[in-house]
Amino acid sequence: MIRYLIRRLNLFLATSLILFIVMFIAVSKFPVDRIAALTGVQQPTAQQITRITQDYRLNDGQISQFIAYLQQRLDGDLGLSSTSQNLILDELTAVLPASFELGFFAGLIAVLFGIPLGVLASLSTNKITQHSIMAITLTGYSIPVFWLGLTLSLWFGVQLGWLPISGQINLLYEIDSVTGFLLIDTLLSDSKYALSAFLDALQHIILPAVTLAVLPFTVVVRITRSAMMTIMEETYIKAAEARGLHTSTIVMRHALPNAFIPVLKNLGLMLGAFASYAMVVEVIFSWPGVGAWLVSGIYQRDYTVIQGGILSVALLIIFLSILIEIMHTALNPISRKELYAAN
Amino acid sequence: MPQIKIYQEDHIPSPASRIWSAFTDNPFAFAGLWAVVSLLLLALFGPFIAPYSPEHQDPHALLLAPSWDPAGTVEHFLGTDDLGRDIFSRLLHGAHLTFGMALGIVITALFLGFIIGSISGMMKGLKSSILSHLLDALLSIPSLLMAILVVAITGPGLSNVFWAVGIALTPQFVRAIHQAVHEELQKEYVTAARLDGANPLQIFWYVILPNISDTMIIQTTLGISAAILDIAALGFLNLGAQAPSPEWGAMVSQGMDNLLTAPWTVTIPGVAILCSVLAINLVGDGLRSALSPIRN
């Protein structure tokens with residue numbers, strides 16, 4: 001197991017290094033002054049120029065420059081935003097929690113509704129139920145997320161007026177940022193409106209989270225269904241049936257834990273697409289997360305924001321997908337066995 | 001020499017015709033195939049049958065409702081947008097931008113992925129893992145982020161979408177083909193061919209390639225639907241096709257200003273994207289289930 005973990009760590013480091021190389025090359029191709037592209041300082045004084053040239057070793061060769069770039073970035077120095085002149089790191093810590101909140105909620109909705117529906121689809125012998133569940137998932141898989149978001153906000157937000165369609169919370173509430181996660185912050189806050197602020201924030205998250213949940217939901221349903229259909233044919237399920245166990249016990253105790261393994265694997269594979277969808281959803285619902293921040297960064301040609309955003313999001317995705325892979329191996333005895341067999 | 005039927009047996013269908021009959025047994029998949037074929041024809045010949053040019057502005061018919069609405073006219077079948085442009089014509093002109101470009105991107109990505117994936121799949125050890133993991137970093141950058149990076153370097157435009165989506169798709173093809181080749185290499189019939197003295201190139205071309213073609217077909221259908229959604233999303237965010245272009249995603253974003261007064265300017269291009277992606281996914285699903293008895 002240790003050896004496996006070291007190999008995964010190696011993979012993480014190697015992939016991150018390639019990512020940094022790609023970013024370094026991209027930065028040198030940005031159509032602005034190199035100093036502005038690296039640090040975001042628009043009109044540097046002579047003093048700043050000397051310091052930046054020294055920090056990034058701009059007079060040395062490419063490899064030395066890359067090492068200096070890597071050092072700066074790993075020190076947490078992502079430069080200044082060229083439009084707001086704030087530190088990128090501060091802006092990033094302000095927007096990341098909102099994205100996590102949205103992603104977590106969407107994932108929760110997808111898993112909570114997807115797994116039962118997938119089990120239902122696999123167990124039902126009724127052709128109509130099966131076909132309609134598959135039709136719903138296929139449609140959900142094919143729907144363009146920006147159009148779905150617009151339609152939902154037009155319907156539930158404007159015509160029915162049930163749910164708010166933009167932002168994270170009503171601007172009337174003033175909530176101090178403690179953890180950065182608004183739903184937790186509203187509960188922690190000691191103002192007398194804390195509860196109503198929490199409910200308001202909860203209302204705001206429903207539409208974006210549902211829009212974002214559609215893609216993982218359909219994937220979860222399909223994978224759960226196909227996994228359950230293979231598992232229910234296995235001999236150990238027949239043995240459990242022969243012992244006279246109730247179907248619900250068989251599903252809950254014997255089948256579902258095994259069906260969860262491929263679901264986990266596919267959730268890991270889906271992270272990239274999920275992040276793309278999340279960015280679009282954030283733009284549509286004006287969700288103050290990293291996606292909306294990045295898209296506004298590209299509209300304003302804010303090259304340091306683009307760099308910082310892409311680096312952090314891509315590193316997060318690499319990290320999370322490797323983490324999910326490790327969890328998958330830890331949970332799945334069969335892949336552990338392969339692990340020992342492989343060289 | 002006259003062919004004489006010695007045996008009274010039934011005709012034994014070839015694998016291809018067996019897949020075809022399994023595929024046509026599924027009515028949904030077959031309907032999807034028809035839809036895809038007609039989309040292809042529209043992408044090729046759409047501009048010729050469109051009643052108006054995509055930029056033609058009719059000042060007397062601004063924000064006209066679709067023809068089934070009492071306010072609509074049949075001259076503008078799907079209504080017009082805020083500049084009086086005929087939505088039906090724009091959809092037809094946009095088909096080759098959205099659907100045709102998705103096809104182009106997938107073919108390019110398939111070609112590159114096939115070369116890299118099969119080389120890395122046939123090799124063993126460190127070289128193979130370097131080649132296959134080299135693109136993992138790219139795989140981890142979501143297609144939209146990749147597009148933002150490309151747009152940051154070159155500026156927005158339809159040709160940059162080609163690069164952005166292509167770069168984001170290629171690693172998926174590399175990975176799928178690498179895994180398929182790698183899995184086939186472990187099987188006994190490959191060992192048998194090797195014992196017969198086949199060299200690696202012969203093993204790849206005659207032994208492995210016919211057995212990974214189903215993976216490639218499935219990956220291609222998945223790739224096309226992902227590419228359409230990506231192109232449309234980029235058009236919607238104004239990072240891909242720019243304002244007057246009739247690309248379907250860009251049409252949705254152009255209709256956004258009139259979402260409340262004229263929802264059809266957003267709904268109709270959205271439904272067009274949904275239907276084309278749905279048709280491709282239906283074909284992909286049908287192919288997968290038609291191919292699966294052979295694969296297992």
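**Figure 1. Helix H8 meets helix H9 in chain B of this predicted model.** Here's where two neighbours touch: from H8(B) come Tyr189(B), Val190(B), Ala193(B) and Arg194(B), and they meet Ile203(B), Val207(B) and Ile208(B) of H9(B). Sort those contact residues by character and you get six nonpolar, no polar and one charged. Look at the spacing along H8(B), too: Tyr189(B) and Ala193(B) are both on the list, and so are Val190(B) and Arg194(B). Here's a handy rule for reading that: an α-helix has 3.6 residues a turn, so residues three or four places apart point the same way. As for the geometry, the two helix axes come within 11 Å and cross at roughly 145 degrees, and the crossing of H8(B) and H9(B) is right-handed.

**Figure 2. Helix H8 of chain B and what follows it.** How many of the eight residues of H8(B), which covers 188-195, are buried? The count is zero, so this helix is hardly covered. Just after H8(B) you run into Gly197(B), which takes a positive phi of about 95 degrees.

**Figure 3. Two loop residues with an unusual sign of phi.** First, some background: most residues other than glycine have a negative phi. Now zoom in on Gln85(A), whose phi is positive, near 60 degrees, although the residue is not glycine. Gln85(A) sits in the loop between helix H4 (62-74) and helix H5 (88-123) of chain A. Is Gln85(A) buried or exposed? Gln85(A) is exposed, because 10 other C-beta atoms lie within 10 Å and the cut-off for exposed is 12 or fewer. Over in chain B, Asn238(B) also has a positive phi, near 70 degrees, and again the residue is not glycine. You'll find Asn238(B) in the loop between helix H9 (200-236) and helix H10 (248-255) of chain B. Asn238(B) has 18 C-beta neighbours inside 10 Å, so this residue counts as partly exposed.

**Figure 4. Where chain A touches chain B.** On this interface, 38 residues of chain A are in contact with 36 residues of chain B. Which elements of chain A give two or more residues to the side touching chain B? They are helices H1 (2-29), H6 (127-142), H7 (145-159), H12 (271-284), H13 (290-299) and H14 (303-331). The chain A side divides into 31 nonpolar residues, six polar and one charged.

**Figure 5. The two domains of chain A.** The domain assignment gives domain 1 (2-74) and domain 2 (88-342) in chain A. Their centres, taken over C-alpha atoms, are 33 Å apart. Where they touch, 16 residues of domain 1 are in contact with 14 residues of domain 2. On the domain 1 side, H1 and helix H2 (34-39) of chain A are the elements that give two or more residues. H1(A) gives the most, with ten residues. That side of domain 1 has ten nonpolar, four polar and two charged residues.

**Figure 6. Chain A as a whole, with its annotated span.** Chain A has 15 helices and zero strands. Its C-alpha trace spans about 85 × 60 × 40 Å along the principal axes. Of the 343 residues in chain A, 37% are buried. An unreviewed UniProt entry places the feature "domain: ABC transmembrane type-1" at residues 96-328 of chain A. That span is 79% helix and 0% strand, and its end C-alpha atoms lie 26 Å apart.

Notes. Residues numbered from 1 in each chain as written. Chains lettered and ligands numbered in written order. Predicted model: local features only at pLDDT ≥ 70, side-chain atom pairs only at ≥ 80, totals over all residues. Buried ≥ 20, exposed ≤ 12 C-beta atoms within 10 Å, placed from the backbone. Helix = DSSP H or I, 4+ residues; strand = E, 2+ residues; numbered from the N terminus. Contact = placed C-beta atoms within 7 Å. Nonpolar A, V, L, I, M, F, W, Y, C, P; charged D, E, K, R; others polar. Axes fitted to C-alpha atoms, helices over the stretch in contact; angles between N-to-C directions. Left-handed = near helix turned anticlockwise from the far one by under 90°. UniProt positions renumbered as here; feature names shortened; annotations may be inferred. Domains from an automatic or database assignment.
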